[in-house]
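Please look over the chain displayed below, with attention to its charged pairs, its aromatic rings and its surface. The report that follows takes these topics in turn.

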Amino acid sequence: MLNRLKRKTGCVRRRQLSHSWGPAVEELEDRRLLSGSPSPTALTPVEVRSYYGFDKIKFTYWTVLHTEFGPIIDRVTSPGDGTGQTIAIIDKYYDPNIQSDVNVFDNQFNLPAINLVVDKLSSATATDPTGNWENEESIDVEWAHAIAPAASIVVINCGTTVADFQNAVTVAANYPSVSVVSMSLGGTESQGELANDSYFTNPTNHDGINVSFVASSGDDKSGQGPGPLYPSVSPNVLAVGGTVLTLSSNGNSEVSWLNSEGGQSAYESEPLYQEFVQQTGFRTTPDVSYAATNFAAYDSFPLTNNGQSTVLDWHTPQGDSLGAPQWAALIAIANQGRTLEGEPTLSNVPSELYSLPASDFNDIASGPANREGYSPSLGYDEITGLGTPKANKLVPDLVNQPFVLPPWILHYLQLLDSFGGDFNDFNLTPQAQGLLQGSLPSSALDGNLSQLAGLNFGSLLSAGMISTTPTAAHLINAETPTPANGSEGWAFWSTRATGTVSASGLRAQQGSDSLAGLTPGDGSFTDANTASLADGIQWAGLEAALEMLDA
C-alpha cells in the first residue's frame, strides 16, 4: 500500500491535436474467411457464457402466479438472460442484412429468436461502401444477443458527422425501455470533448429508467496510437479494453491483448472513482476488459477492398469492439435482477464497478504490454482495467449493491496493518462481532487487517446497526471528533501505532493519537513528517447498537 501513499503530482501526458473528434470504426484485426460454417476453434456463445459465468446467474424473487385455483404468491427462479431489458447499439451507416444475419447466427448456436428493431435515423442515408460498418453491426448485435438472449435490442443507425453521432446518443438514451447503450466506436480526443460529456448522463422523462453507457477503448495495430478514444474516455462511460482468451481441455488462459488501447486522457480529470487505483490526475482507460479475439461471427454484406468484393460469411473478428456490446449485455442482466427486486436500473456504472470487491473480476496480470507501453499487472492497469467479469459474482453485487468498505477505508486499514494494528483493536459488541465473523476469514479476526478487503456491511445495515452508508464524507478530523450520539470518542478503530515508514517519510509516533491531516482522495498527508496514527477515523451516523466506543 505504500506505493499508494505518494502525493499526486503533475504527469507528462501525450499532447494531441485540438481538432474535433469524430466517431471512427474500431477496425477489426482479422476477418479470416471461413465459408459455410464457424471455425471449430472459434469461441461460441456457450463457451463464452460458461467461462465468464453468465450461465450460472439466476434470480430468485417473489411473484404472483395466476393458476386455475386463483392467484398465489410464490418464490420463482429465473435465469439471468436480460428479460424485460432493452439494449441500444449505435452504429454508423446501416446494414440491410442485419436481421437475416442474426437469424443465421441464432440458428447455428440454438439461440432464441431475437427481438430486434432497427431505427435508421435520417442521417443514415446509405450503406458503408467498404462493408466495415455492416460487419461491425452484425458482430455487435449477434454477441449482445448471445450474452443476454432475452433482451430486446434496438440498433440506432446514424450518419458520419459528430452532430449525427450526438443525435444518435440522445435518441438511443431516450428510446423506450432502453437501460444501456453500447458504442463500438470512438475518435481521438480534443479540447471540446468536455462539453460532450453531458450527452452520456441519465435522460430526463425516461419513465424512471436509468441509462448506462459503454464504449470500446480502441484498437491500436500500428504502433503508439492516439491513446484513449472518446467517448470511452468520458468519466460517464464504461471503457472496455481487450484480452486474449484461450479455452482448452488442458486448461483455460486469459492474457492481455497487444492491440488494446488505453492510457491517460489529455483533457478529462481523474474521476473520484479512480482515485485509489491510479494517481495520474487524469482519467485513464480502460475500466474493464473482455476477450477481443477469435469470436465466431456471421456477416453476409460484401466487404470491399481495392475494388475486390468478398462476402465474409462465417469469420473470426478481433477487436475491443467485441467487448462493449457484451458488457452492455451484462449490465442489462443486472438491470433485470434489479427490476425484479424493485430497484431502479443502474446509472454511473463505472463508479459502481470500482466499488466492488476484486473477487468480482478476473485480474489479468500477464501478457504483452500494449503499444502505448502499459503492461498488465496485479490490480488495475491501463491495458485491462479492473479485469474481465466473473459475471456470476459481479451481477449479484450490482443487483443488491451490498456495502463494501470503500477503497479509502481499505487503504488506511492496510496502512494500520503495517503498523501492527489488528482486528482485536475494534471495540465491537458481541452481536456486531458475530455478524462480522460470519463474513470475514478467521485470519482477519486475528491480526491481519488487510483481510478486511471486501468486507460486506449489508447485514449490519439491514439489521439497523449502521444507520447510514459510510462514505469519504464521514472521515472526520481526529482532533475535532464528532460523536454520533452525544457520547465521546466514537472511533472506527483504536490501534497501537509504532514504527517508521521510511519509504514515504511518514513517521508514526508511538503513543500518539491522531490522524490529523489525512486527506481522502489523494492518498497523502498534509504533513508527511509529523502526521501520526491512532484513534482517528470517525463515522458519523453510527448507532449505539454498534458500540464502537473507545472509552
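Aspartate 55 and lysine 56 join their side chains in a salt bridge with an N to O distance of 3.5 Å, the term being used for a side-chain nitrogen of Lys or Arg within 4 Å of a carboxyl oxygen of Asp or Glu. Aspartate 55 is partly exposed at a relative accessible area of 39%, and lysine 56 is likewise partly exposed, at 49%; here buried means under 20% relative accessible area, exposed means over 50%, and partly exposed lies in between (1.4 Å probe, protein chains only). The structure holds two salt bridges, and the other links the side chains of arginine 283 and aspartate 287 at 2.6 Å, N to O. In that pair arginine 283 is buried, with a relative accessible area of 0%, and aspartate 287 is also buried, at 0%.

The model is a predicted one, in which local features need pLDDT of at least 70 and side-chain atom pairs count only at pLDDT 80 or more, while totals for chains, interfaces and linings use all residues. Residues are numbered from 1 along each chain as its sequence is written, and side-chain values use heavy atoms, with hydrogens and water left out.

**The chain as a whole**

The protein chain has ten helices and 23 strands, where helices (H or I, at least four residues) and strands (E, at least two) are DSSP runs numbered from the N terminus. Of its 551 residues, 54% are buried. Among contacts with a separation of 6 or more, 78% are between residues 24 or more positions apart, a contact meaning heavy atoms within 4.5 Å. The accessible surface comes to about 21,700 Å², with 49% of it belonging to carbon and sulfur atoms; these areas come from the Shrake-Rupley method with a 1.4 Å probe, and for residues only the protein chains shown count as cover.

**Aromatic rings**

A pair of aromatic rings is described by the distance of the centres and the angle of the planes. Rings of Phe, Tyr and Trp (its six-membered ring) pair if their centres lie within 6.5 Å, and planes under 30 degrees apart count as stacked, over 60 as edge-to-face and the rest as tilted. By this rule there are twelve aromatic pairs, including the two tabulated here.

| Pair | Centre to centre | Angle between planes | Class |
|---|---|---|---|
| Tyrosine 52 and tyrosine 290 | 4.5 Å | 35° | tilted |
| Phenylalanine 200 and tyrosine 230 | 6.1 Å | 65° | edge-to-face |

Tyrosine 52 belongs to helix H1 (residues 45-52) and tyrosine 290 to strand S15 (residues 288-291), so this pair ties together parts that are 238 residues apart in sequence. Tyrosine 52 is buried at a relative accessible area of 1%, and tyrosine 290 is buried at 1% as well. Phenylalanine 200 lies in the loop between strand S8 (185-188) and strand S9 (212-216), whereas tyrosine 230 lies in strand S10 (residues 229-230), so the pair ties together parts that are 30 residues apart in sequence. Phenylalanine 200 is buried at 4% relative accessibility, and tyrosine 230 is buried at 0%.

Ring pairs also link Phe105, Phe109, Trp143, Phe295, Tyr298 and Trp314 into a cluster. Two members of this cluster, Tyr298 and Trp314, are touched by valine 104, when residues up to four places away in sequence are not counted. Valine 104 is found in helix H2 (residues 98-108) and is partly exposed, with a relative accessible area of 30%; valine 104 and tryptophan 314 are 210 residues apart in sequence, yet 9.9 Å apart in space, C-alpha to C-alpha.

**A buried loop residue and a surface patch**

Threonine 293 lies in the loop between S15 and strand S16 (297-305) and is buried, at 7% relative accessibility. Apart from its neighbours within four places in sequence, threonine 293 is in contact with Leu43, Thr243, Val244, Leu245, Trp257, Pro317, Gln318 and Leu322.

On the surface, Trp62, Val64 and Ile73 make a nonpolar patch of about 370 Å²; patches are made of residues with over 30% relative accessible area and no salt bridge, like charges being joined within 9 Å and nonpolar side chains (Val, Leu, Ile, Met, Phe, Trp, Tyr) within 5 Å. Valine 64 is found in strand S2 (residues 58-67) and is partly exposed, at 45% relative accessibility.
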